[in-house]
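Let's walk through this one together, starting with the overall layout and then going helix pair by helix pair. Have the sequence and the 3D view handy.

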Amino acid sequence: MDELTPEQEEAVAATVGAIQRIAMKIVALPKEQRAAHYALVRRNFEMAIAEFSVEGDMAQAWLDKTMVGIQTLVTEIEAGGGAAGGKA
């Protein structure tokens with residue numbers, strides 16, 4: 001697949017936006033509360049993909065990579081100064 005259709009590009013942008021908003025909410029939490037919220041986000045994603053019968057290795061890979069992406073964004077936001085992190 002060389003190019004995305006406009007609909008696919010829109011779907012990717014919406015997904016990235018949702019992941020960014022989730023990360024911003026999590027980074028605003030005290031660090032001791034974050035693990036519970038990561039677990040909550042994961043369970044919600046698991047329920048959503050199960051409801052739509054998305055299953056198998058591809059679904060698990062998406063879920064794992066999405067959660068890593070959220071955690072990475074939280075780390076980056078914090079390092080960049082968000083939620084009182086970073087060094088200016």
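Helices here are DSSP runs of H or I with at least four residues, and they are numbered from the N terminus. With that in hand, Thr66 can be placed in helix H3. One thing to keep in mind throughout: this is a predicted model.

## The overall picture

The protein has three helices and zero strands. Reading from the N terminus, the order is simply α-α-α. Along the principal axes, the C-alpha atoms fit a box of roughly 40 × 30 × 15 Å.

How much of the protein counts as buried? Of its 88 residues, the share is 20%. As for contacts, take those between residues at least 6 apart in sequence: 53% of them join residues at least 24 apart.

## H1 against H2

H1 covers residues 6–27, and H2 covers residues 31–51. Their axes are 10 Å apart, and the packing angle is about 155°. H1 and H2 are therefore roughly antiparallel, since anything over 145 degrees falls in that class. The crossing of this pair is right-handed.

On the H1 side, the contact is made by Ile22, Ile26 and Val27; on the H2 side, by Arg34, His37, Tyr38, Val41 and Phe45. Sorted by class, that gives six nonpolar residues, one polar and one charged.

## H2 against H3

H3 spans residues 57–79. The axes of H2 and H3 come within 11 Å of each other, crossing at roughly 150°. That makes H2 roughly antiparallel to H3, and the crossing is right-handed.

There's a long list of residues to look at here. From H2 come Lys31, Arg34, Tyr38, Val41, Arg42, Phe45, Glu46 and Ile49, and they meet Ala59, Gln60, Trp62, Leu63, Asp64, Thr66, Met67, Ile70, Gln71, Val74 and Glu78 from H3. The class count for this contact is 10 nonpolar, three polar and six charged.

## H1 against H3

How do the axes of H1 and H3 cross? They come within 9 Å, at an angle of roughly 55°. H1 and H3 are therefore oblique to each other, and their crossing is right-handed.

H1 brings Ile19, Gln20, Ile22, Ala23, Met24, Ile26 and Val27 to this contact, while H3 brings Thr66, Ile70, Leu73, Val74, Ile77 and Glu78. By class, there are 10 nonpolar residues, two polar and one charged.

## The aromatic pair

The structure holds one aromatic pair. The rings of Phe45 and Trp62 have centres 5.3 Å apart and planes at 75°, so the pair is edge-to-face; the angle needed for that label is over 60 degrees. Phe45 sits in H2 and Trp62 in H3, with their positions 17 residues apart in the sequence, so to speak a link between distant parts of the chain.

Is Trp62 buried, exposed or partly exposed? Its relative accessibility is 35%, so Trp62 counts as partly exposed.

## Two buried spots on H3

Back to Thr66. This residue is buried, with a relative accessible area of 6%, and the cut-off for that is under 20%. Setting aside neighbours within four places in sequence, Thr66 is in contact with Ile19 and Phe45. Ile19 belongs to H1 and Phe45 to H2, and Phe45 is also a member of the aromatic pair.

Ala59, also in H3, is buried with a relative accessible area of 6%. Which residues does Ala59 touch, leaving aside neighbours within four places in sequence? They are Ile49 and Val54. Ala59 and Ile49 are 10 residues apart in sequence, and their C-alpha atoms are 7.5 Å apart in space.

## Out at the N terminus

Asp2 is found in the segment before H1. With a relative accessible area of 81%, Asp2 is exposed. Its C-alpha atom is separated by 29 Å from that of Ala48, and the two residues are 46 apart along the chain.

Conventions
Residues numbered from 1 in each chain as written. Predicted model: local features only at pLDDT ≥ 70, side-chain atom pairs only at ≥ 80, totals over all residues. Heavy atoms only, no water. Phe/Tyr/Trp six-rings, centres within 6.5 Å; stacked < 30°, edge-to-face > 60°. Helix = DSSP H or I, 4+ residues; strand = E, 2+ residues; numbered from the N terminus. Buried < 20%, exposed > 50% of the residue type's maximum accessible area, 1.4 Å probe, protein only. Axes fitted to C-alpha atoms, helices over the stretch in contact; angles between N-to-C directions. Parallel < 35°, antiparallel > 145°, perpendicular 65-115°, else oblique. Left-handed = near helix turned anticlockwise from the far one by under 90°. Contact = heavy atoms within 4.5 Å. Nonpolar A, V, L, I, M, F, W, Y, C, P; charged D, E, K, R; others polar.
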